[in-house]
Amino acid sequence: MLTPLQKRFRYHFRGNRQTNVISKPEWYLAQVLMWIGNHSQFLDEKIQPILDKAGPSVNARLEFSRGLMMLVLEKLAADIPCLLYDDSLFCHLVDEVLLFERELHSVYGYPDTFANCMHILSEETCFQRWLTVERKFALQKMDSMLSSEAAWVSQYKDITDVDEMKVPDCAETFMTLLLVITDRYKNLPTASRKLQFLELQKDLVDDFRIRLTQVMKEETRASLGFRYCAILNAVNYISTVLADWADNVFFLQLQQAALEVFAENNTLSKLQLGQLASMESSVFDDMINLLERLKHDMLTRQVDHVFREVKEAAKLYKKERWLSLPSQAEQAVMSLSSSACPLLLTLRDRSLQLEQQLCFSLFKIFWQMLVEKLDVYIYQEIILANHFNEGGAAQLQFDMTRNLFPLFSHYCKRPENYFKHVKEACIVLNLNVGSALLLKDVLQSDSGQSQATAALNEVGIYKLAQQDVEILLNLRTNWPNTGK
């Protein structure tokens with residue numbers, strides 16, 4: 001059955017026939033697939049029963065496919081040396097071979113254990129050329145995706161449900177490129193070859209990270225601008241996807257293979273080997289750590305920028321006359337200190353701007369970092385730097401609990417828990433005189449740490465230390481005149 005087909009194949013695809021064109025591997029690959037498809041029913045229905053009666057378990061369709069595969073391997077072995085140094089022809093051949101392999105295995109059930117084209121592509125000279133071409137074309141694609149006009153715009157910016165991560169086009173295209181590379185090499189016959197491709201992918205991630213860093217450095221003067229935020233979203237997206245891939249069965253198998261290679265070559269410490277073996281770390285950990293560091297640096301720069309603006313806007317508020325403000329009883333209704341308006345407006349505007357431009361997880365880190373600095377700043381630079389009469393303490397509490405904290409209620413249920421220093425300082429400054437005197441006595445007596453802690457907890461103080469509370473009590477001016 002195979003003999004006439006072998007003759008036809010060699011007639012058409014060897015020598016100087018018009019059908020034997022080195023740039024058209026798809027012609028002979030499609031021909032072989034067509035022969036397999038056309039003969040499948042006949043082999044299954046007519047030949048297989050004869051073989052089954054004869055005794056030995058032979059699969060007619062697979063043996064027929066294997067025979068035709070030998071023709072393909074012969075042809076590839078003859079053509080590849082002529083293509084090695086023409087990048088586009090070689091790349092086209094690899095593409096066609098991979099498509100052929102996919103159809104052969106998925107449609108016709110050809111087993112991986114039989115000789116196939118991946119063995120030819122895995123031979124040293126051919127494989128190294130494949131790696132080189134893959135790298136070259138990937139770098140070219142990276143150049144074009146980063147220089148594209150739409151590089152920093154999300155494809156899904158108008159579809160809120162899809163655009164949760166606000167991924168710029170270049171980052172999405174890059175991760176698709178990596179995914180395609182994985183798809184191309186995952187059926188290679190040996191783990192060592194797959195690991196070489198994995199190294200290529202890691203190099204590409206590193207290259208892309210460096211390119212993002214370079215673009216980011218050009219944007220540092222506008223760290224709240226659209227492009228800077230897009231780069232930050234890109235870094236976050238790539239890091240998130242790599243962390244997801246680390247749990248993928250294919251990459252876990254590669255991790256196991258890498259472990260064996262490292263153990264043989266003694267290239268890692270016992271600790272690192274242990275982490276890999278216990279799955280505490282992954283094949284992408286180095287990349288993820290570098291991306292996370294870049295992400296943290298970029299977020300820190302944004303927080304510092306906004307914090308500088310906030311401090312500038314808080315100058316008037318720092319100079320408020322907390323010592324001589326009218327008491328609550330003297331006011332018809334409490335209202336926000338006018339000097340606090342610039343501070344609150346700056347916070348509101350910058351928060352809204354970054355909420356729109358950063359993805360949810362990044363914005364959450366941003367506002368929490370900002371609030372942490374703001375809490376300490378208000379506590380140290382405004383509260384500890386002033387003295388408060390009864391009206392001043394009440395006004396501060398009103399400004400904080402009714403105006404500042406609610407600014408962040410859109411992002412969490414209990415924003416006051418992120419302002420622990422300020423919240424507890426307001427409690428101490430606004431205790432009624434009797435409770436404040438009792439607390440002062442307990443803190444100054446020799447009753448022991450546990451009793452002091454219990455007294456503090458009773459009035460709602462958990463964060464501030466005992467000596468901090470004593471300092472705050474001394475900032476109050478509304479003590480009764482005992483005649484001393």
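# A walk through the helices of a predicted model

At 17% relative accessibility, Glu 172 counts as buried, and this residue makes a convenient starting point for a tour of what is a predicted model. Glu 172 lies in helix H7, which covers residues 169-185, and, once its neighbours within four places in sequence are set aside, Glu 172 is in contact with Gln 155, Tyr 156, Val 167 and Tyr 237.

From Glu 172 the reader can turn to the helices that pack against H7. The axes of H7 and helix H8, the latter made of residues 191-218, come within 10 Å and cross at roughly 170°, and the two helices are therefore roughly antiparallel to each other. On the H7 side the contact is made by Cys 170, Ala 171, Phe 174, Leu 178, Ile 181, Thr 182 and Tyr 185, while H8 contributes Lys 194, Phe 197, Leu 198, Gln 201, Leu 204, Val 205 and Phe 208. Sorted by class, the residues of this contact between H7 and H8 divide into 11 nonpolar, 2 polar and 1 charged.

Helix H7 also meets helix H6, which spans 124-147. The axes of H6 and H7 come within 10 Å and cross at roughly 165°, which makes H6 roughly antiparallel to H7, and the crossing in which H6 passes H7 is right-handed. Here Trp 130, Glu 134, Ala 138, Lys 141, Met 142, Met 145 and Leu 146 of H6 meet Cys 170, Thr 173, Phe 174, Leu 177, Ile 181 and Arg 184 of H7, and by class this contact of H6 with H7 has 9 nonpolar, 1 polar and 3 charged residues. Phe 174 takes part in the contact of H7 with H8 and also in the contact of H6 with H7.

Between H6 and H7 runs a loop, and two of its residues deserve a closer look. Ser 148 has its place in this loop and, at 29% relative accessibility, counts as partly exposed; its C-alpha atom is separated by 27 Å from that of Glu 199, a residue 51 positions apart from Ser 148 along the chain. Lys 166 is found in the loop between H6 and H7 as well, and at 25% relative accessibility Lys 166 counts as partly exposed. Most residues other than glycine have a negative phi, but Lys 166, although not a glycine, has a positive phi of about 45°.

Farther along the chain, Gln 214 is placed in helix H8 and is partly exposed, with a relative accessible area of 48%. The C-alpha atoms of Gln 214 and Leu 345 are separated by 33 Å, and these two residues are 131 residues apart along the chain.

Another helix pair is found toward the beginning of the numbering. The axes of helix H2 (residues 25-54) and helix H3 (residues 60-83) come within 7 Å and cross at roughly 155°, which makes H2 roughly antiparallel to H3, and their crossing is right-handed. Among the residues of H2 in this contact are Tyr 28, Leu 29, Trp 35, Ile 36 and Leu 43, and among those of H3 are Phe 64, Ser 65, Leu 68 and Val 72; taken by class, the residues of the contact divide into 13 nonpolar, 4 polar and 4 charged. Ser 65, which has its place in helix H3, counts as buried at 4% relative accessibility, and, leaving aside neighbours within four places in sequence, Ser 65 is in contact with Ile 36 and Tyr 110.

The tour now turns to the interior. In soluble globular proteins, nonpolar side chains tend to be buried together. The largest nonpolar core of this model has 151 residues, and those with the most contacts inside it are Trp 130, Phe 174, Leu 242, Phe 366 and Leu 404. Helix H15 (residues 360-383) supplies the largest share of this core, namely 13 residues. When residues up to four places away in sequence are not counted, Leu 404 touches Leu 344, Leu 347, Leu 374, Ile 378, Asp 399 and Phe 419.

Helix H17 (residues 420-430) has its own set of buried residues, namely His 421, Val 422, Glu 424, Ala 425, Cys 426, Val 428 and Leu 429. What covers these buried residues includes H15, helix H16 (390-404) and helix H20 (466-474).

How values were computed
Residues numbered from 1 in each chain as written. Predicted model: local features only at pLDDT ≥ 70, side-chain atom pairs only at ≥ 80, totals over all residues. Heavy atoms only, no water. Axes fitted to C-alpha atoms, helices over the stretch in contact; angles between N-to-C directions. Helix = DSSP H or I, 4+ residues; strand = E, 2+ residues; numbered from the N terminus. Parallel < 35°, antiparallel > 145°, perpendicular 65-115°, else oblique. Left-handed = near helix turned anticlockwise from the far one by under 90°. Contact = heavy atoms within 4.5 Å. Nonpolar A, V, L, I, M, F, W, Y, C, P; charged D, E, K, R; others polar. Core = buried A, V, L, I, M, F, W, Y, C linked by side-chain atoms within 4.5 Å. Buried < 20%, exposed > 50% of the residue type's maximum accessible area, 1.4 Å probe, protein only.
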